[in-house]
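Here are some short exercises to work through with the model open beside you. Try each task yourself before reading its solution.

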Amino acid sequence: MALPEDPEDLAPGTAAERTRLAWERTAIAFGAVGLAMLRGEPVAGLLVLVVTPLIWALGRYVSSTAPPQARSRRLLLVTVAVTGVAALAVVAAFIGHGLTRFR
Amino acid sequence: MGARGHQAAWGGATTSHRGHDDGKPAAPGPAADPGTGEQAEDEPDVRFTLANERTFLAWNRTALALVVAGLGIVQLLPPFPGVPWGRHVLGVPLIVLGAAVSVTAYREWRRNQTALRRSEPMPQSVLPRILVLTITGVAALSAVVLLVSAVR
């Protein structure tokens, strides 16, 4: 985390750190989902794995001085990513190997 | 909003809102800004913003877990004997719920952030209710699929 201009902003240190850890947990969750999908759906799994470092990078920019607009855009990106994973999962559920493997 | 307003909100809430960092942040209320008495929109205490962000992220991890659970049901479970559609009936709603939770979490994050800026009480979240209803529904559906499978 970059040093804020105002030393008073150093006080939320632990809150900022917890938030960064939450971002990292979220990135790890994406990675786990990607790895889980990789077995059945290699293309979908790779797509999700590509998103993982992006989420991790977004978490590095947690800053008490981040402008609200940038914060909003970052979170929207997470929602778009999760919704995209869900869409991939629905497609995989209907046309993926899962349907044919046990038939 | 100027830097001064941000600092006033930050300083005013330092002592009165400890211990709300992991869940929903408490509404700052009028006491959070004793120096200025401003009621207009203003950037909230940065810790409230961060706590709101963590709540959003936690819901999104829940959403990912739901998606994986749904996909696992469809792809990893052996088919229910006599109920070829059983896995899809159980798994697809979980995946769709995952997407719905993620979108709702974003909308609630925005709503909470607006409430914090206006020093209004925190709005109630609908996400726990959505989660309870859907998990209960999927559990009931599982029982039905298992019963149908056993009968056939």
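Which residue just after H3(B) takes a positive phi? Step to the end of the helix and read on: Ser119(B) does so, with a phi of about 55 degrees. Keep in mind throughout that this is a predicted model.

**Exercise 1. Describe the overall make-up of chain B.**

Step 1: Count the elements; chain B has four helices and zero strands. Along the sequence this reads α-α-α-α.

Step 2: Look at burial. Of the 152 residues in chain B, 47% are buried.

Step 3: Turn to the surface, where chain B exposes about 7,100 Å². Carbon and sulfur atoms supply 65% of that area.

Step 4: Consider contacts in chain B between residues at least 6 apart in sequence; 73% of them join residues at least 24 apart.

**Exercise 2. Check whether the length of helix H3 of chain B agrees with its number of residues.**

Step 1: The helix covers residues 86-117, which gives 32 residues.

Step 2: At 1.5 Å a residue, the expected span is 46 Å.

Step 3: The C-alpha atoms at the two ends are 47 Å apart, so the span agrees with the expectation.

Step 4: As for cover, 23 of the 32 residues of H3(B) are buried, so-called "mostly covered".

**Exercise 3. Find the aromatic pairs and classify them.**

Step 1: Search the whole structure; two aromatic pairs turn up over all chains.

Step 2: Take Phe56(B) and Tyr106(B), whose ring centres are 6.3 Å apart with planes at 70 degrees. Planes over 60 degrees apart count as edge-to-face, so that is the label for this pair.

Step 3: Place the two residues. Phe56(B) is in helix H2 of chain B and Tyr106(B) in helix H3 of chain B, so the pair ties together parts 50 residues apart in sequence.

Step 4: Now take Tyr106(B) and Trp109(B), with centres 6.0 Å apart and planes at 25 degrees. Planes under 30 degrees apart count as stacked, so this pair is stacked.

Step 5: Tyr106(B) and Trp109(B) are three residues apart in helix H3 of chain B, so about one helical turn separates them.

Step 6: Put the pairs together: Phe56(B), Tyr106(B) and Trp109(B) form one aromatic cluster. Phe56(B) and Tyr106(B) are buried, and Trp109(B) is buried too.

**Exercise 4. Explore the largest nonpolar core.**

Step 1: This core has 46 residues, and those with the most contacts inside it are Phe30(A), Val85(A), Phe56(B) and Val101(B).

Step 2: Ask which elements give two or more residues to the core. In chain A they are helix H1 (13-40), helix H2 (42-60) and helix H3 (68-95), and in chain B helix H2 (46-76), H3 and helix H4 (127-151).

Step 3: Zoom in on Phe30(A). Not counting residues up to four places away in sequence, Phe30(A) touches residues including Val48(A), Ile55(A), Val85(A) and Leu64(B).

**Exercise 5. Decide whether Asp45(B) and Ile28(A) are buried or exposed.**

Step 1: Asp45(B) is in the loop between helix H1 (3-12) and H2 of chain B. Its relative accessibility is 2%, so Asp45(B) counts as buried.

Step 2: Look for a polar partner. A polar atom of the Asp45(B) side chain lies 2.8 Å from the backbone nitrogen of Arg47(B).

Step 3: Ile28(A) sits in helix H1 of chain A. With a relative accessible area of 52%, Ile28(A) is exposed.

Step 4: Finally, compare positions: Ile28(A) and Ile55(A) are 27 residues apart in sequence, with their C-alpha atoms 9.0 Å apart in space.

Key:
Residues are numbered from 1 along each chain as its sequence is written. Chains are lettered from A and ligands numbered from 1 in the order in which they are written. This is a predicted model: local features need pLDDT of at least 70, side-chain atom pairs count only at pLDDT 80 or more; totals for chains, interfaces and linings use all residues. Side-chain values use heavy atoms; hydrogens and water are left out. The expected span of a helix is 1.5 Å times one less than its number of residues. Buried means under 20% relative accessible area, exposed over 50%, partly exposed in between (1.4 Å probe, protein chains only). Contact means heavy atoms within 4.5 Å. Accessible areas come from the Shrake-Rupley method with a 1.4 Å probe; for residues, only the protein chains shown count as cover. A nonpolar core is a set of buried Ala, Val, Leu, Ile, Met, Phe, Trp, Tyr and Cys residues joined through side-chain atoms within 4.5 Å. A polar contact is a pair of N or O atoms within 3.5 Å; within protein, one must be able to donate a hydrogen and the other to accept it, and residues adjacent in sequence count only if both atoms are side-chain atoms. Rings of Phe, Tyr and Trp (its six-membered ring) pair if their centres lie within 6.5 Å; planes under 30 degrees apart count as stacked, over 60 as edge-to-face and the rest as tilted.
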